[in-house]
Amino acid sequence: MYILGTLIGFCHASFGRTDSILYESVRIWRDIDPSIILFALLPVILFQVMMNVNAHVFGRSAFQLLYLGVFFVAAMIVCIGAISLVANTYSFHLVTIWILATSLGFSDPVATEALSLNLELSQKLKALLIGESQLGVVTAFIIFKALLKIRTGENNGSDGAFWGAYAVREPLLSIGVGIVTGTVAVLILQETSDRTSSSAMMIQVSTLAVLSFGPFLIAEYFLESCGLMTTVVVGYMVASFGWPLFASRTLIKHMRILIAFVVSNIMFIQTGLVIGSSIHAAIDGASPFGATEVGYVFAIYATLLLARVLLLVLMRPTLNSVGKYDFSFSEGFVLSWSGMPGSPSMMFMLLLREEIENQLEAEWLIFVVGGVILISQVIQGLLLMPLTD
């Protein structure tokens with residue numbers, strides 16, 4: 001879908017402006033407010049993925065998942081940031097470079113869910129893949145919001161009291177909100193677990209629909225904490241305690257698959273539209289990006305892939321020591337090769353574009369991130385299944 005969206009975006013930009021409904025429809029999707037993706041789409045897919053995980057395997061792998069989702073992602077950001085600083089030919093703002101590194105330092109949870117469904121993987125490896133991507137996007141989002149505050153001048157980065165409160169409020173308050181919301185949700189599911197009642201089924205479906213984005217809005221908008229973390233916690237609580245209480249598991253499974261399919265494909269295509277438009281602008285001469293920037297994109301991609309492999313090799317002994325499951329080198333290869341940036345990474349760039357005045361800087365970030373996403377999806381996405389067979 002990324003490739004399809006890129007082709008549509010490129011063709012759309014090639015045809016020039018017209019008054020056709022099709023042209024306007026594609027333009028609207030390409031220029032969609034990134035806040036819609038953040039508030040309406042990403043939380044939904046995170047919740048739908050988390051509520052379907054194997055809670056037992058997840059629990060036994062908890063320390064490994066925290067290690068991968070926090071320390072591993074932080075190490076990836078440092079590696080990508082280091083090579084980005086060296087190759088910063090435009091001398092953009094230092095914080096901009098670290099925002100770029102943050103957007104590429106985690107795996108796309110949407111693509112990871114699709115891979116886990118299409119590949120024959122063990123429950124242990126699925127838990128590591130999904131857990132790393134879910135906690136990784138949470139970690140990156142917390143770092144991104146902090147960097148965005150500095151980049152836009154909302155905070156200069158030297159206010160220790162503010163950042164101390166931020167470090168506590170973002171992860172801890174959001175976890176607390178997730179636990180409370182998840183507990184209430186489980187109680188509602190328990191009260192409506194009558195398998196003979198159609199109204200009970202509808203109440204449960206409505207409850208899950210609200211949980212897909214409601215906790216995110218409460219934590220992110222009203223409490224100014226990390227809404228994605230709250231969503232992940234609520235999803236895990238439903239996975240742990242909710243499934244035995246569902247009045248119709250078949251209905252819930254079909255609903256979850258349908259929602260995940262629709263939302264993920266919308267995000268894939270929208271990201272592809274942005275990438276295709278950016279590529280066309282570079283080829284057409286509408287943007288100043290050329291061979292140097294293309295080389296930069298490949299350098300960033302090579303750094304990303306090499307860093308994932310090396311870091312997982314170096315961290316493997318520690319990961320095996322802190323978890324109840326060991327994972328082999330072959331499983332480590334799948335874990336490293338399947339780590340690809342995607343729609344959330346582009347969402348970060350689009351959010352940044354809305355906030356800064358230097359549009360050349362924003363378009364450069366979109367071009368680089370879009371290029372890395374496209375290359376990783378073509379190379380890793382197409383080769384993953386043959387390499388894992």
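## Aromatic pairs

This predicted model holds 8 aromatic pairs. One of them is Phe141 with Phe348, a stacked pair whose ring centres sit 6.0 Å apart, with 25° between the planes. The two rings come from distant parts of the chain: Phe141 belongs to helix 8 (residues 123-151) and Phe348 to helix 15 (residues 343-355), a separation of 207 residues. Both Phe141 and Phe348 are buried.

Another pair worth a look is Tyr296 with Trp364, and this one is tilted: the centres are 5.4 Å apart and the planes make an angle of 50°. Here too the pair links distant parts of the chain, with Tyr296 in helix 13 (residues 291-322) and Trp364 in helix 16 (residues 359-388), 68 residues apart. As for exposure, Tyr296 is buried and Trp364 is buried as well.

## The Phe cluster and Phe106

Back to Phe141 and Phe348: ring pairs tie them into a cluster that also takes in Phe106 and Phe144. Phe106 sits in a loop, the one running between helix 6 (94-104) and helix 7 (109-118). Loop or not, Phe106 has a relative accessible area of 2%, so it counts as buried.

What does Phe106 touch, leaving aside its neighbours within four places in sequence? The contacts are Val73, Gly136, Val137, Ala140, Met340, Pro341, Pro344, Ser345 and Phe348. That last name is a familiar one, as Phe348 is also in the ring cluster. If you want a distance to check in your viewer, try Phe106 to Ile83: the two are 23 residues apart in sequence, and their C-alpha atoms are 16 Å apart in space.

## Helix 6

Just before that loop comes helix 6, and 9 of its 11 residues are buried, so the rest of the structure largely encloses this helix. The buried ones are Val95, Thr96, Ile97, Ile99, Leu100, Ala101, Thr102, Ser103 and Leu104.

## Thr181

Over in helix 9 (residues 160-191) you'll find Thr181. Is Thr181 buried or exposed? Its relative accessible area is 18%, and the cut-off for buried is under 20%, so Thr181 counts as buried. Not counting residues up to four places away in sequence, Thr181 touches Leu211, Pro215 and Val234.

## The whole fold

Zooming out, the protein has 16 helices and 0 strands. Its radius of gyration is 21 Å, close to the 21 Å from the globule rule for 389 residues, so the protein is as compact as a globular protein of that length. The C-alpha trace spans about 65 × 55 × 50 Å along the principal axes.

Contacts fit into the picture too: taking those between residues at least 6 apart in sequence, 82% join residues at least 24 apart. Of the 389 residues, 55% count as buried.

## Surface and charge

The accessible surface comes to about 16,500 Å², and carbon and sulfur atoms account for 68% of it. On the charge side, there are 18 positive and 25 negative side chains. The centres of those two sets lie 9 Å apart.

Methods:
Residues are numbered from 1 along each chain as its sequence is written. This is a predicted model: local features need pLDDT of at least 70, side-chain atom pairs count only at pLDDT 80 or more; totals for chains, interfaces and linings use all residues. Side-chain values use heavy atoms; hydrogens and water are left out. Helices (H or I, at least four residues) and strands (E, at least two) are DSSP runs, numbered from the N terminus. The radius of gyration is taken over C-alpha atoms; the globule rule is 2.2 Å times the number of residues to the power 0.38. Buried means under 20% relative accessible area, exposed over 50%, partly exposed in between (1.4 Å probe, protein chains only). Contact means heavy atoms within 4.5 Å. Accessible areas come from the Shrake-Rupley method with a 1.4 Å probe; for residues, only the protein chains shown count as cover. Lys and Arg count as positive and Asp and Glu as negative; His and the chain ends are not counted. The place of a charge is taken as NZ of Lys, CZ of Arg, CG of Asp or CD of Glu. Rings of Phe, Tyr and Trp (its six-membered ring) pair if their centres lie within 6.5 Å; planes under 30 degrees apart count as stacked, over 60 as edge-to-face and the rest as tilted.
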